[in-house]
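Me: Please pick one residue in this model and look at it closely. Then set that residue against other sites and against the chain as a whole.

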Amino acid sequence: MNTHRIRVGIDVGGTFTDAVAVDATTLELLGQVKVPTSHHHEDGVAHGIVEALDRLLEQTGCAPADVAFLAHGTTQATNALLEGDVATVGLIGIGTGPAAVLTRRLASFGKLELAPGKRLPLVYAHVTDPQDTAAVRSAVEQLKGEGAQVLVASQPFSVDRPEGEQTVLDAARPYGLPMTAAHEITSLYGLHKRTRTAVVNAAILPRMLATADLVDASITKAGVTAPLMVMRCDGGVMALGEMRRRPLLTVLSGPAAGVAGALMQERVSEGVFLETGGTSTDISVVRRGKVAVRHATILGKTSYLSALDVRTVGVGGGSMVRIGEGRVTGVGPRSAHIAGLPYACFASPDQLRDAKVDTVRPMDGDPADYAVLDAEGGRFAVTMTCAANALGRVPEGDFARCDPESARAAIEPLAAHLGTDVATAATRILDAGIAQVKSVVDAMIRDYRLDKDTAVLVGGGGGAASVTPHLAHTSGMEGRIARHNEVISPIGVALALVREQVERIVPGGATQEQILAVRAEAERAVVAQGAAAEGVEVEITVDPQTNTVRAVATGATELRTQDRSHRADDTERLHAAAASLKTDPAAVQVLAGTAAHTVYGTETRRRLRPTRRPIRIVDVDGVVRHHAADARVETTTVAGAPEVLARLVGESTSYGDGGVRAPALRLLLGSRIADLSGVLDPQPLLALARSELRARAADEPVVAVLEVRS
């Protein structure tokens with residue numbers, strides 16, 4: 001039943017601000033609007049956000065009180081760094097003796113290049129004793145006199161002993177400057193990298209604070225009572241208060257919004273997401289139902305910012321075709337948008353009458369081999385979108401679809417110039433365009449060890465049809481275009497979960513108590529930002545080589561009980577599993593299940609090698625949520641689980657030169673899949689499993705899925 005409550009997602013782009021309204025219960029798209037991004041308004045981008053919200057509420061017939069969730073993604077932080085539009089940072093280094101030598105070297109961050117000819121504006125002062133209030137205030141006055149607009153305090157080993165940094169900030173508070181301590185940005189060791197991450201965060205802090213205050217005030221004035229959330233660069237959202245503390249988390253959040261949409265709306269469990277615009281394609285990975293992240297490179301240096309692993313290729317729907325010596329030599333990187341030319345396929349056949357092929361230099365410095373059509377209606381660019389339409393790759397109703405006759409008319413003159421037919425010319429264009437994309441996709445499949453037989457290609461963005469269908473066709477992989485692909489980013493913002501990541505380096509290896517403490521900290525952090533405690537999921541990874549414990553907690557701001565119009569029946573779920581297993585449904589068995597998930601399996605017999613038992617976990621919607629090439633499955637209850645899990649883990653743990661390796665364990669509990677696969681040590685693994693079972697009814701069923709590590 002529709003509750004009439006809506007989730008609103010707003011994506012602030014460089015040119016346009018897109019907003020969508022999604023039904024809070026069914027998660028179906030109810031409305032979408034596009035307004036120009038208000039960079040030059042006195043209220044900045046906040047004005048465009050409110051304008052988009054007003055139009056969206058009017059379109060859907062909803063009132064401000066109907067908004068259950070409101071989040072926005074913004075390129076503001078990214079643009080500030082790219083354009084060098086940042087505040088002057090006053091860095092206070094703390095330490096005596098050898099520590100002073102280390103911190104004084106941090107003054108070199110003033111050499112960081114933001115943009116050509118623009119360096120990070122940084123001034124430095126040093127204090128030996130953080131308890132010396134007079135010395136701290138003298139340092140602050142010195143920095144203010146040199147133009148500092150924001151302060152950062154940094155001290156060696158502040159991850160373990162944060163008191164020094166905190167004392168300095170307390171003493172500096174009366175001066176009224178925005179402030180941050182290096183240990184507040186990341187809890188990882190490495191003074192240089194930790195401080196650099198904190199300094200870059202501080203450089204954008206004043207501007208982001210001003211925007212946050214304007215957006216918050218505007219939303220409140222509009223009558224929206226739902227807390228405002230902001231998109232993070234790792235695919236989740238955070239509370240506005242958290243963004244005020246760590247605005248750097250919004251850098252690179254644009255691509256993250258798109259893959260979050262693919263993850264939540266398309267329910268991708270294993271695959272590659274390609275978000276294609278007019279000029280470029282952002283490529284990212286979903287592995288085992290999670291977005292692939294890594295420490296981001298900012299200003300040419302690695303940071304402690306965990307962001308979506310996105311790789312960008314300069315090929316999009318508007319990429320122009322390049323020709324020479326009677327053949328297609330390439331596609332892009334110049335696009336029709338940058339060249340100021342319309343797409344040929346969106347012209348009418350009459351406008352394209354008597355078209356002749358010519359080559360141009362779109363911008364100064366470009367090679368003069370970009371193909372254009374000079375026709376009765378003017379000059380037009382031949383693009384990837386033109387070729388995709390000519391080959392029938394663009395589905396009905398797609399944002400990029402054009403009249404088939406116009407598409408053929410757009411390619412025909414070029415085909416004649418190349419001495420071939422329309423279909424062959426269009427194929428050559430798409431082949432040239434996706435060659436770069438395919439190279440990156442193949443590399444990411446290798447890097448993340450995706451199963452190419454089960455991974456799916458999902459296209460998003462307005463130019464999705466120009467890349468994804470042809471790539472799927474030529475690679476043999478399954479591919480599809482996401483529903484509402486042109487607004488997949490704001491949909492991702494609307495559907496994103498609250499997310500927090502806590503990382504700790506524990507010298508000598510973490511005890512199970514320390515691992516549980518990191519888990520609890522991450523869980524508390526998302527609950528503090530509004531996530532419903534009952535639905536929080538925490539993924540733990542313990543890296544024994546670096547002694548790093550990482551906890552990623554996610555949760556919804558309310559417990560969503562989705563009332564979808566369709567639930568897959570037993571037959572549909574069985575066929576989904578069989579298709580993923582690439583076998584006949586008659587060879588697939590139901591191995592276990594809960595109310596939310598069913599585990600299907602089969603056997604693969606191989607000559608002179610052990611039998612493998614691949615499994616698939618399928619949810620109630622018929623979506624494969626997890627797959628394993630060889631797994632052991634056992635059902636028990638909450639009361640019996642500790643004993644059963646101890647036995648299973650003991651039997652499946654391997655010992656060798658690489659150390660102890662517990663099995664990759666996942667527990668099906670209620671509506672959740674608790675992923676404990678990131679823990680290699682058996683004892684912490686069992687401790688985490690017990691923490692997942694805590695506060696559950698003794699007779700509740702538990703399904704354990706174990707994969708033995710080689």
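Reply: A contact here means heavy atoms within 4.5 Å. The model is predicted. My choice for the close look is Lys290.

Lys290 sits in strand β15, which covers residues 290–291. Set aside residues up to four places away in sequence, and Lys290 touches Leu263, Val285, Glu539 and Asp675. By the 4.5 Å criterion, each of those four has a heavy atom within that distance of a heavy atom of Lys290. Is Lys290 buried, partly exposed or exposed? Its relative accessibility is 28%, so Lys290 counts as partly exposed. The cut-offs behind that are under 20% for buried and over 50% for exposed. A further distance fixes its place. Asp160 is 130 residues from Lys290 in sequence, and their C-alpha atoms are 31 Å apart.

Now compare another partly exposed site. Gly277 has a relative accessible area of 30% and is classed as partly exposed. Gly277 is in a loop, with β13 (271–276) on one side and β14 (281–287) on the other. What does Gly277 touch beyond residues up to four places away in sequence? The partners are Gly316, Gly317, Gly318 and Gly463. For Gly317 there is also a C-alpha distance: 6.1 Å from Gly277, across 40 residues of sequence.

Gly317 and Gly318 lead on to Thr383. Thr383 contacts both of them, along with Ser319, Val321, Ala336, Tyr343 and Ile429, leaving aside neighbours within four places in sequence. Thr383 lies in the loop that runs between β23 (378–381) and α11 (384–390). Its relative accessible area is 0%, so Thr383 is buried.

Thr17 is a second buried threonine, again at 0% relative accessibility. Thr17 belongs to strand β2, residues 16–23. Its contacts past four places in sequence include Ile10, Asp11 and Val12. They also include Val33, Lys34, Val35, Pro36 and Thr37. Gly48 and Ala52 are on the list too.

Asp66 is another loop residue. It falls between α1 (45–60) and β4 (67–74). Asp66 has a relative accessible area of 23% and counts as partly exposed. Leaving aside neighbours within four places, Asp66 contacts His4, Arg5 and Ile6. The C-alpha of Val224 is 8.2 Å from that of Asp66, although 158 residues of chain lie between their positions.

Next, backbone geometry. Most residues other than glycine have a negative phi, and most peptide bonds are trans. Three sites in this model stand apart from that pattern. Asp354 is not a glycine, yet its phi is positive, at about 60°. Asp354 lies in the loop between α10 (336–339) and β21 (356–360). With a relative accessible area of 58%, Asp354 is exposed. Arg449 also has a positive phi, near 55°. Its loop lies between α13 (422–447) and β24 (456–460). Arg449 counts as exposed, at 71% relative accessibility. The other exception is a peptide bond. From Gly332 to Pro333 the bond is cis, with omega near 5°. Pro333 is in strand β20, residues 327–335.

Now the whole chain. How many helices and strands are there? The count is 19 helices and 40 strands. A compact globule of 710 residues would have a radius of gyration near 27 Å, and the chain agrees, because its own value is 27 Å. The C-alpha atoms fill a box of roughly 80 × 70 × 55 Å along the principal axes. Of the 710 residues, 55% are buried; Thr17 and Thr383 are among them.

Take the contacts between residues at least 6 apart in sequence. Of these, 65% join residues at least 24 apart. The accessible surface comes to about 29000 Å², and carbon and sulfur atoms hold 50% of it. As for charge, there are 73 positive and 82 negative charges, and their mean positions are 6 Å apart.

Last, confidence. Mean pLDDT for the chain is 88, and 98% of residues reach 70 or more. Residues 561–565 fall below 50, though this stretch has 10 contacts in the model beyond near neighbours in sequence. Where pLDDT is low, the predicted coordinates should not be read in detail.

Conventions: Residues numbered from 1 in each chain as written. Predicted model: local features only at pLDDT ≥ 70, side-chain atom pairs only at ≥ 80, totals over all residues. Heavy atoms only, no water. Helix = DSSP H or I, 4+ residues; strand = E, 2+ residues; numbered from the N terminus. Rg over C-alpha atoms; globule rule 2.2 N^0.38 Å. Buried < 20%, exposed > 50% of the residue type's maximum accessible area, 1.4 Å probe, protein only. Areas by Shrake-Rupley, 256 points an atom, 1.4 Å probe, with all protein chains shown as cover. Lys, Arg positive; Asp, Glu negative; His and termini not counted. Charge placed at Lys NZ, Arg CZ, Asp CG, Glu CD. pLDDT = per-residue confidence, 0-100.
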